[in-house]
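Here are a few exercises to try with the viewer open. Take each task by yourself before you read its solution.

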Amino acid sequence: MIQKLIFTNLALGFLSWFIPFIFSCMFFIPEGKLMISQELFKSIMIVTGILTGCVLLFQYYKQVATDFVKQGIIVGCTWLFLNLILDVIVLIPLMKVSFIYYFKEIGLSYLAIPIISVAMGYLLRSKIKPAF
């Protein structure tokens, strides 16, 4: 069971990066220029990332029976680091920017991943064991 959960964590974590990345490609012309404004693109990608993450977290938590908050911390941190590492390998070279610029423009928003995953963990725990 633990090995399956680890595999699921890593596979869904990869998808949490890959799905928005592939979706974002629809907004670029072959020469690499955006077809819409930078501001609209950022807004679309934030919504896409949050929607993708929530759907994937729902799939992850279907396999978790206990320790919801602990699992939220584990999955949130794993996905945060996976997304950052994949961006360093793929996105930063494509963008041709420094890590500092990337982190201010994109990377910092990935903190939403552990925030949402831990919040889901607390919600699930409260359904099993009321907070009162």
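**Aromatic rings**

F14, W17, F18 and F21 make up one aromatic cluster. The model is a predicted one, in which local features need pLDDT of at least 70 and side-chain atom pairs count only at pLDDT 80 or more, while totals for chains, interfaces and linings use all residues. Residues are numbered from 1 along each chain as its sequence is written, and side-chain values use heavy atoms, with hydrogens and water left out.

**Exercise 1.** Classify the ring pairs F14–F18 and F99–Y102.

*Solution.*
- Start with the rule: rings of Phe, Tyr and Trp (its six-membered ring) pair if their centres lie within 6.5 Å; planes under 30 degrees apart count as stacked, over 60 as edge-to-face and the rest as tilted.
- By this rule there are nine aromatic pairs.
- For F14 and F18, the centres are 5.3 Å apart and the planes meet at 20°, so this pair is stacked.
- Both F14 and F18 sit in helix α1, four residues apart, about one turn of the helix. Helices here are DSSP runs (H or I, at least four residues), numbered from the N terminus.
- For F99 and Y102, the centres are 5.7 Å apart and the planes are at 45°, so this pair is tilted.

**Exercise 2.** Is Y102 buried or exposed?

*Solution.*
- Buried means under 20% relative accessible area, exposed over 50%, and partly exposed in between (1.4 Å probe, protein chains only).
- Y102 has 0% relative accessibility, so Y102 is buried.
- Its ring partner F99, at 42%, is partly exposed.

**Exercise 3.** Describe the surroundings of N83.

*Solution.*
- First place the residue: N83 belongs to helix α3.
- With a relative accessible area of 1%, N83 is buried.
- Next list its contacts (heavy atoms within 4.5 Å). Not counting residues up to four places away in sequence, N83 touches G13, S16, W17, Y110 and I113.
- Finally, the side chains of N83 and S16 share a polar contact of 3.0 Å. Such a contact is a pair of N or O atoms within 3.5 Å; within protein, one must be able to donate a hydrogen and the other to accept it, and residues adjacent in sequence count only if both atoms are side-chain atoms.

**Exercise 4.** Which helix gives the most to the largest nonpolar core?

*Solution.*
- A nonpolar core is a set of buried Ala, Val, Leu, Ile, Met, Phe, Trp, Tyr and Cys residues joined through side-chain atoms within 4.5 Å.
- Among its 20 residues, Y60, V64, W79, Y102 and Y110 touch the most other members.
- α1 (2–25), α2 (38–61) and α3 (68–95) each supply at least two residues.
- The answer is α3, with eight residues.
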